[in-house]
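Please open the structure in your viewer and keep the sequence panel visible beside it. This tour moves from one selection to the next and says what is there at each stop.

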Amino acid sequence: MRIIVALGGNALLRRGEPMTAENQRANIVRAAAVLADLVGEGHSIVITHGNGPQVGLLALQAASDGGAFPLDVLGAESAGMIGYVIEQELNNLLKQRLFATLLTQVKVDPRDPAFAHPTKPIGPVYDEATARRLAVERGWHIAPDGDKWRRVVPSPRPLEIMEASVISFLVERGVIVICTGGGGVPVIARDDGSLCGVEAVIDKDLASSLLARQLKADMLLMLTDVDAVYVDYGTAAARPLRRVTSTEISGRNFPAGSMGPKVGAAIEFAEATGKPAAIGKLDHAVEIVRGESGTWLEAEARVDQPVDGIACAPVFPK
């Protein structure tokens, strides 16, 4: 199968870890082993990844140094930095394969309401008092993130992956492509058709779903640090959803800063293509693709499954 694999932030930096190069390298080594296992199963993969902590740190450093690099430039910088390490560690495991890290522009609408309502968390987490102080000092928007607080920035919807034809060209020739880092670099089209970057960060899962549709992928796989999508997560009534349809899950509410975009991305891909999307834990990637773990989401219910989303494992060709 051709699978778009979207790596969550935990593939690069686990919550609470210091944001050091050594920690990020160690986490990418772990993620690369999982990706290599997917390739070993015979799948063709295209890798996307988040960049929230990294781009936030770069923005913080730029502000401290008196720099004025906008978020689109910092997004490109972080995508190149992260892609380089992913590519290198994959190459260390799959020496006979070809790899390419591609900076990816993603078109957005300059009239998107997200520009007036920042919601995308970036950078490190803070206690509430520190976050409020920084918001005043730096003119940031801030919002809760679990029991901590983070800076939030505009996150417009992705409309088009500008380099999709280039990515497709490489994939058809057996190249493993790392692209759409951090959701891609957000750009808008001017009246004359030329492009320019904008101050925003695109959600990585929504961009990955769009990429999967443009590349006619067989599956969208979103890997994170939880084993499945849960109903009533964080409560005594929490239960995992193992197999659901887009209709069944559409009416449920999931946190906008974590599982919400993943579920939305899965629904968009499944309903547009009729192909499955899956969400689950990074370490379980092979089992998720086999239908033995994680949450599978499809556009329509199948006759070999109950409709409550809890039971039997799917069987799909590779």
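Before the first selection, one term is needed: two strands pair if DSSP finds at least two bridges between them. Please also keep in mind that the model is predicted.

Begin with the whole protein chain, whose secondary structure comes to nine helices and 17 strands. Of its 318 residues, 50% count as buried. If you consider the contacts in the chain with a separation of 6 or more, 72% of them are accounted for by residues 24 or more positions apart.

**Stop 1: a sheet of three strands**

Select residues 120-126, which are strand E5, then add residues 148-153 for strand E7 and residues 141-145 for strand E6. Together they make an open sheet in the order E5-E7-E6, and the pairing is antiparallel. Strands E5 and E6 stand at the edges with a single partner strand each, so one side of each has no neighbour in the sheet. Direction ignored, neighbouring strands here are turned against each other by 40 degrees on average.

Now look at E5 and E7 alone, which run antiparallel and are joined by four bridges. Which residue of E7 is the bridge partner of Ile-122? Select Arg-151, for this is the partner.

Next add residues 128-138, which form helix H4 and pack on the sheet, where H4 touches E5, E6 and E7. The direction of H4 makes about 120 degrees with that of E5.

**Stop 2: Ala-59**

Keep Arg-151 selected and add Ala-59, since the two residues touch; Ala-59 also touches Leu-71 and Leu-74. Colouring residues 52-64 shows helix H2, where Ala-59 has its place. Is Ala-59 buried or exposed? With a relative accessible area of 12%, Ala-59 is buried, because the cut-off for buried is under 20%. You may also display the C-alpha atoms of Ala-59 and Val-73, which are 10.0 Å from each other, while the residues lie 14 residues apart along the chain.

**Stop 3: two helices in contact**

Finally, select helix H6, residues 204-214, and helix H8, residues 259-273, whose axes come within 8 Å and cross at roughly 15 degrees. That angle makes H6 roughly parallel to H8, and the crossing of these two helices is right-handed. To see the contact itself, show the side chains, including those of Leu-206 and Arg-213 in H6 and of Glu-268 and Phe-269 in H8. The residues of this contact divide into six nonpolar, three polar and five charged.

How values were computed:
Residues are numbered from 1 along each chain as its sequence is written. This is a predicted model: local features need pLDDT of at least 70, side-chain atom pairs count only at pLDDT 80 or more; totals for chains, interfaces and linings use all residues. Side-chain values use heavy atoms; hydrogens and water are left out. Axes are lines fitted to C-alpha atoms, for helices over the stretch in contact, and angles run from 0 to 180 degrees between N-to-C directions. Angles under 35 degrees count as roughly parallel, over 145 as roughly antiparallel, 65 to 115 as roughly perpendicular and the rest as oblique. A crossing is left-handed if the near helix is turned anticlockwise from the far one by less than a right angle, and right-handed if clockwise. Contact means heavy atoms within 4.5 Å. Ala, Val, Leu, Ile, Met, Phe, Trp, Tyr, Cys and Pro count as nonpolar, Asp, Glu, Lys and Arg as charged, and the others, Gly among them, as polar. Buried means under 20% relative accessible area, exposed over 50%, partly exposed in between (1.4 Å probe, protein chains only). Lists of a residue's contacts leave out its neighbours within four places in sequence.
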